[in-house]
Every structure is written in structure tokens, then in C-alpha cells.
Amino acid sequence: SSFKPYVYTTAIDNGATPDDVILDAPTTFYTASGPYSPHNYDGRYEGNITLRRALAQSRNIPALKLAERVSIRRVIDYAHRFGITSNIPAFLPIALGSAEITLLEHTAAFTSFPDDGVRVVPRYISKVADYDGRVLEEDFPEVRDVISPRTARTMVAMLREVVLHGTAYQASKLKHPLAGKTGTTNDFTDAWFVGFSPSVTCGVW
């Protein structure tokens with residue numbers, strides 16, 4: 001589910017708003033590989049809810065409906081803009097995070113949200129200095145625009161809701177201004193949190 005912010009970013013960047021309403025109810029999607037009838041992780045449905053709440057509570061059905069609405073191929077295109085280099089097949093369940101993505105590229109991608117839509121490509125060494133502080137070598141970062149500042153700020157606010165009122169509520173106990181997204185695999189075999197403060201972005205497995 002930590003992949004869902006790319007779905008919501010695609011929707012927001014193409015005209016949706018956090019207060020738009022979407023129906024969280026049992027749904028069958030008709031895909032190229034046949035009918036697909038997913039469910040929410042808790043087996044419950046909330047009816048008409050805002051996109052803000054759908055992301056905060058990590059509801060699967062709204063994420064899939066959004067991905068179908070904007071097209072899963074466009075969602076994948078946005079994920080690649082964020083720096084996800086892994087090959088992502090154009091299947092609807094990708095919206096829920098069924099693709100394999102490394103923790104490094106996922107965490108680096110999330111830095112674009114607090115950086116006003118600008119992506120900074122991660123590097124292991126920023127500079128080398130001698131004992132007296134003279135810089136011997138400096139590796140300047142590769143920087144590029146990913147999304148508009150408006151979209152980035154909207155997503156920061158939505159991801160903040162995940163921490164304040166959603167699936168990452170435990171992180172609010174750290175008493176820092178945090179935002180981010182949780183993610184789990186079936187039966188909680190893997191659990192993730194990728195999030196950020198105003199100064200640090202961190203991914204945890």
C-alpha cells in the first residue's frame with residue numbers, strides 16, 4: 001500500500017481534490033486477465049468517503065477505482081517520474097503495491113513530496129574533504145522537477161493525515177511533524193513505512 005501515493009498523485013495532478021468523494025464498496029473490475037474482485041484489508045467498506053480519508057485509511061477499493069479512472073499506465077508513468085526504475089507491469093493490482101520496488105528507490109521517490117515536487121537523485125558520497133576542511137571532491141546532486149509544487153503540497157497534507165488519523169497513527173507518538181504511508185504484504189509478512197519530516201525522509205521495512 002505504500003505505492004498508493006503514486007495513484008493519488010496522478011489523480012491530484014490531473015484535477016482531483018482531496019475532498020472529492022469516492023465509493024468504497026464491493027466492486028468487480030473487468031480486466032484483460034478476467035474479473036478481479038478485491039477487498040479491503042479489514043474486510044469492511046465505508047461507503048462514500050473523501051480521497052483524503054481513503055488514503056489515510058488505506059482503502060483498497062478507492063485506490064483501484066482511482067487507478068482505473070486515470071489509467072494504470074499513467075500511474076506507472078508517474079511512478080517512473082518519481083525515480084522508480086523497476087519494471088512495473090500494467091496490471092490494475094499494481095495500484096495496491098504488487099510490484100517489487102527497492103527500499104532505496106521508494107524512499108528516494110518520497111523525497112519529492114516535501115521538496116515541492118523536485119526529485120534529488122540519491123548518492124552515497126556528497127563530498128570528500130581533508131583534515132583542514134578543504135573539499136577535494138564534491139558530487140553535486142542530479143535534480144529535476146517531478147510534479148508541480150501545488151500537487152506536492154496537497155500530497156504532503158494528505159500523507160500527514162495518514163499519520164494523524166490513519167494507518168500510521170503510531171508514528172504520531174514521535175512528536176515530530178511527520179507524514180508518510182504504511183504498506184503491508186499478505187498476513188503482514190512484510191511491513192513498511194516510508195515517510196518524512198521537513199528535513200529527513202526515511203524508509204523502514
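Trainee: What makes the nonpolar surface patch here, and how big is its area?

Mentor: In this predicted model, Leu104, Tyr124, Ile125, Val128 and Leu136 make a patch of about 590 Å².

Trainee: Why is Leu136 called exposed?

Mentor: Leu136 has a relative accessible area of 59%. Exposed means over 50%, so Leu136 earns the word. You'll find Leu136 in strand E7, residues 135-138.

Trainee: How do you know that Asp42 and Arg44 form a salt bridge?

Mentor: Look at the N to O distance between their side chains: 3.5 Å. The cut-off is within 4 Å, so this pair counts as a salt bridge.

Trainee: And what makes Arg59 and Asp42 a salt bridge?

Mentor: Try the cut-off of 4 Å again. The closest N and O atoms of Arg59 and Asp42 are 3.0 Å apart, so they pass too. Arg59 sits in the loop between helices H2 and H3, and Asp42 in the loop between strands E3 and E4, so the pair ties together parts that are 17 residues apart in sequence.

Trainee: Why is Arg59 called buried, while Asp42 is called partly exposed?

Mentor: Buried means under 20%, and Arg59 has just 1% relative accessibility, so Arg59 is buried. Asp42 has 26%. That value falls between the 20% and 50% cut-offs, so Asp42 is partly exposed.

Trainee: What about Glu46 and Arg53, which meet in a salt bridge at 2.7 Å: why are they called partly exposed?

Mentor: Glu46 has 31% and Arg53 has 38%. Both values lie between 20% and 50%, so partly exposed fits.

How values were computed. Residues are numbered from 1 along each chain as its sequence is written. This is a predicted model: local features need pLDDT of at least 70, side-chain atom pairs count only at pLDDT 80 or more; totals for chains, interfaces and linings use all residues. Side-chain values use heavy atoms; hydrogens and water are left out. Patches are made of residues with over 30% relative accessible area and no salt bridge: like charges are joined within 9 Å, nonpolar side chains (Val, Leu, Ile, Met, Phe, Trp, Tyr) within 5 Å. Accessible areas come from the Shrake-Rupley method with a 1.4 Å probe; for residues, only the protein chains shown count as cover. Helices (H or I, at least four residues) and strands (E, at least two) are DSSP runs, numbered from the N terminus. Buried means under 20% relative accessible area, exposed over 50%, partly exposed in between (1.4 Å probe, protein chains only).
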